[in-house]
Amino acid sequence: MFSLEQLVRPNIWNLAPYSSARDEYSGKEAHVFLDANENPYNAPYNRYPDPLQRDLKKELKKVKGMPEENIFLGNGSDEAIDLAYRVFCNPGVDNVVAIAPSYGMYKVCADINDVEYRPVLLDEKYQFSADKLLAACDAHTKIIWLCSPNNPTGNSLDRDEMLKVVNEFEGIVIIDEAYIDFAQQLSMRQELPTHPNLIILQTMSKAWGSAAIRLGMAFASRDIIAIYNKVKYPYNVNQLTQQQALTALKDPFEVDKWVRILLEERARLIQAFTELPIVEEVFPTDANFFLARMTAAQAIYDYLVSEGIIVRNRTRVQLCQNCLRITIGSHSENNELIGALRKY
């Protein structure tokens, strides 16, 4: 039986959150602000931002179809990742289970928070077994990490296997959907109403073309979001980020256009890679990047750097030996990459 109180660290469950000046008058109209020791000059940057990003969540509700009380906004998805450890995992006691290879920040945050990290290798098709993940869990496992589409492999994870984990694990399951906008598979957000142990991560960095503003999203039950808001720093999302995100959300059709273009470029670039003699295999992808096994990944990477072209060398990552990860760029950038590789 799922019990949020039993999963949350006792000190966090009983935590009295910091009460910011902006929280105390929330919902009331005001025009003279003498409560937060702010400078009255240099408007609008002299005022602290809304600590709960209410206007931004109203717009996200329209785009994501999620109630505002089920949305957490953070300084990139990395904040939501780190908060999961701080909320649920007792340092030196609890552990988490994750697929491998996957996004490196899950382990980095585990190490920072002194939480054991248990990776479970994917198979040769970069898929996972729910039974193997669950077998790696014990009484001190608080979180299972899944990334779909996965990074660095690019493929979507099997939906039925993900649901099996969510249904059978009594702890928290976090599914990172940073690249979901490029995938045919539907988001798992629709599963939230019937799965109180599920947290979905998304971001403005990828399809929305807004990596610079550092805005991550977590979707979860109202109770989990309330705990996240209790633990986060009071003004974790700055005013400039909130303003730029609101501007971006006014034109979601522009994002749809970018995604269509990138998917077309992805197909073109993959086809060109399959024709290169230095490429042994291009793996299936549902992201704005793909993984390719090369004849000599390190040498080819070094050559591209000398040509002023930067890709990601993943050859030291488990199951990614001799692989480069290629982000889909603009038409001209992709042409430059292919032209350089054809001369290698």
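Biologist: Hi! Which residue in E4 does Val96 stand opposite?
Modeller: Val96 faces Ile143 in E4. Keep in mind that this is a predicted model.

Biologist: Got it. In what sense do strands E2 and E4 pair, and over how many bridges?
Modeller: E2 (residues 95–100) and E4 (residues 141–147) pair in the parallel sense, over 4 bridges.

Biologist: And what sheet do 7 strands form?
Modeller: An open one with mixed pairing, in the order E1-E7-E6-E5-E4-E2-E3. The edge strands, E1 (71–75) and E3 (116–121), each pair on one side only. On average, neighbouring strands of this sheet are turned by 25 degrees against each other, direction ignored.

Biologist: Nice. Which strands does helix H4 touch?
Modeller: H4 (residues 54–64) packs on the sheet and touches E1, E6 (198–203) and E7 (215–219). The direction of H4 makes about 115 degrees with that of E1.

Biologist: What about H8, where does that helix lie?
Modeller: H8 (residues 159–168) lies across E4, E5 (172–176) and E6. H8 runs at about 155 degrees to E5.

Biologist: Switching to pockets: how much space lies in the largest pocket?
Modeller: About 470 Å³. The lining of the largest pocket has 22 residues, and Ala178, Tyr179, Thr203, Ser205 and Lys206 lie nearest the centre.

Biologist: Which element gives the largest share of that lining?
Modeller: Helix H5, with 3 residues. The elements giving two or more residues to this lining are H5 (76–88) and strand E11 (323–327).

Biologist: How many of the lining residues are nonpolar, polar and charged?
Modeller: By class, the lining has 9 nonpolar, 7 polar and 6 charged residues.

Note on methods. Residues numbered from 1 in each chain as written. Predicted model: local features only at pLDDT ≥ 70, side-chain atom pairs only at ≥ 80, totals over all residues. Heavy atoms only, no water. Pairing = 2+ DSSP bridges. Axes fitted to C-alpha atoms, helices over the stretch in contact; angles between N-to-C directions. Contact = heavy atoms within 4.5 Å. 1 Å grid on protein atoms, 1.4 Å probe; cavity = no way out; pocket = protein on both sides within 12 Å on 5 of 7 lines; lining within 4 Å. Points joined across faces, edges and corners; volume = space filled by probe spheres on them. Nonpolar A, V, L, I, M, F, W, Y, C, P; charged D, E, K, R; others polar.
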